[in-house]
Amino acid sequence: MNNPSSFLVTGASGFIGSHLCEALIAQGHRVFGIDNFDPYYDAALKRENLRFLKSNASFTFIEGSYGDYHVLQALRDQPIEVVFHLGARPGTRSSLTEATFYKENNVKETARMLFFLNRLIPGAHYIFASSSSVYGRSTGTAFAESAKLGAPLNPYAETKVNGEILFERFSTANGSRVRILRFFSVYGPRQRPDLAFSKFAKAILTNNTIRVFGEAAYRDFTYIDDIISGMLGALKHVRTSTSLCDTFNLGSGRKVKVTETLQLLMNYMGASAPIQFLPPLAEESEGTLACINKTREALGYEPQTSFEVGLENFVKWFLSRRITPADLHQPQPSQELLP
């Protein structure tokens, strides 16, 4: 990109957010990052994600909630062209017991953010991080953006559906261009500790039983570098295309059985662990697969990292981390397969 600009990234200290901030800075842009270090997982991991960013003069970090006017005031009159909204409370299964909090954090706070930013940085455009979970239960075929969305299987998925509606209405009412990106099971270095591969790898290191819900379960796993490439494609699209609001899948276009991932993980780690198969969960789809034809055509998106290479990269990162015995022997909650 030849024209440096200023961008805002919410959820900047997270897995995807920190990678995105680094990619934007590498292209010569100025980035404002917001994060409140939500206690869903250890804030120390998020602060580690920010270590490189905070040493870069092109990055400004603002600690606080993206829906707090007093936090957002720091952005007044800043020449921010595009807002990447990645901030949200993640986790499909934990949302079952904290549905009210998820609605407050992911939906109402997003509405407040849009209301305030429309006044503080009028004219900005938006890229919203949605999820494959909006499609509901698997139909046995690839999910296409044009398909009617299924019923949300959990409160997290419902907040993403409502988030998409918020951005669509905001775009219509204010003329701001919006791109909605539906992420499919993102993985790679810095992956959240509650997600499947991190839990599987810990179990393998300690020879603890790995619980898999549904022996036939499969996912469209998407490597972090490909997700960032897709987001940069969406950035170009929102800056140059005159369409107000559009939606794109960001996936690999390949389905991988969870049992295959376990075999590869064990091969790469040189160790094994027992596997316990349990009935599928009602709050998760048995499988996800992205149709990425529209994304290829409009964004020039083409996944570059095979699942085998991406998983090996994840294992190298995981084994390079300073893992303490306390980390390894923490209780193993149910693995999350969705973003």
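Reader: How do α1 and α8 lie to each other?
Author: The axes of helix α1 (residues 15–26) and α8 cross at roughly 60° and come within 10 Å. Axes are lines fitted to C-alpha atoms, for helices over the stretch in contact, with angles from 0 to 180 degrees between N-to-C directions. Under 35 degrees counts as roughly parallel, over 145 as roughly antiparallel, 65 to 115 as roughly perpendicular and the rest as oblique. So α1 and α8 are oblique.

Reader: What kind of model is this?
Author: Residues are numbered from 1 along each chain as its sequence is written, and side-chain values use heavy atoms, without hydrogens and water. Local features need pLDDT of at least 70, side-chain atom pairs count only at pLDDT 80 or more, and totals for chains, interfaces and linings use all residues; the model is predicted.

Reader: Which residues of α8 does α1 meet?
Author: Contact means heavy atoms within 4.5 Å. Helices (H or I, at least four residues) and strands (E, at least two) are DSSP runs, numbered from the N terminus. On the α1 side stand Phe 15, Ile 16, His 19, Leu 20, Ala 23 and Leu 24. Across from them in α8 are Ile 224, Ile 227, Ile 228, Met 231, Leu 232 and Leu 235.

Reader: Which helix gives the most to the largest nonpolar core?
Author: A nonpolar core is a set of buried Ala, Val, Leu, Ile, Met, Phe, Trp, Tyr and Cys residues joined through side-chain atoms within 4.5 Å. The largest has 68 residues, and Ile 16, Phe 84, Phe 197 and Met 231 touch the most other members. With eight residues, the top contributor to this core is helix α8 (residues 224–240).

Reader: What does Met 231 touch?
Author: Met 231 is one of the four residues that touch the most other members of that core. Leave out residues up to four places away in sequence. Then Met 231 touches Ile 16, Leu 20, Phe 84, Leu 86, Ile 127, Leu 181, Phe 183 and Leu 250.

Reader: How many residues are in the other core?
Author: This core lies apart from the largest one. Among its members are Leu 8, Tyr 66, Leu 114 and Tyr 126. Its total is 23 residues.

Reader: How do α5 and α6 lie to each other?
Author: Helix α5 covers residues 99–120 and helix α6 covers residues 155–174. They pack at an angle of about 15°, with their axes 9 Å apart. That makes α5 and α6 roughly parallel.

Reader: Which residues of α6 does α5 meet?
Author: The α5 side includes Tyr 102, Asn 106, Val 107, Thr 110 and Leu 114. The α6 side has eight names to look for in the structure. They are Pro 155, Tyr 156, Thr 159, Asn 162, Leu 166, Phe 167, Phe 170 and Asn 174.

Reader: How do α7 and α11 lie to each other?
Author: The axes of helix α7 (residues 196–206) and helix α11 (residues 307–320) come within 11 Å. Their crossing is at roughly 60°. In contact are Phe 197, Ser 198, Ala 201, Lys 202 and Leu 205 of α7 with Phe 307, Leu 311, Phe 314, Phe 318 and Leu 319 of α11. The two helices are therefore oblique.

Reader: Is Ser 6 buried or exposed?
Author: Ser 6 is in strand β1 (residues 6–10). Beyond four places in sequence, Ser 6 is in contact with Arg 30, Phe 32, Pro 79, Ile 80, Glu 81 and Val 82. Buried means under 20% relative accessible area, exposed over 50% and partly exposed in between (1.4 Å probe, protein chains only). At 9%, Ser 6 is buried.

Reader: What separates the C-alpha atoms of Ser 5 and Glu 81?
Author: Ser 5 is in the segment before β1, and at 13% relative accessibility Ser 5 counts as buried. Beyond four places in sequence, Ser 5 is in contact with His 29, Arg 30, Glu 81 and Arg 239. Ser 5 and Glu 81 are 76 residues apart along the chain, yet their C-alpha atoms are separated by 6.8 Å.

Reader: What is the phi of Phe 37?
Author: Most residues other than glycine have a negative phi. Phe 37 is in the loop between β2 (30–35) and α2 (43–49), buried at a relative accessible area of 7%. Its phi is positive, near 50°.

Reader: What is the phi of Ser 185?
Author: Ser 185 lies in the loop between β6 (178–183) and β7 (186–187). Ser 185 counts as buried, at 2% relative accessibility. Though not a glycine, Ser 185 has a positive phi of about 35°.
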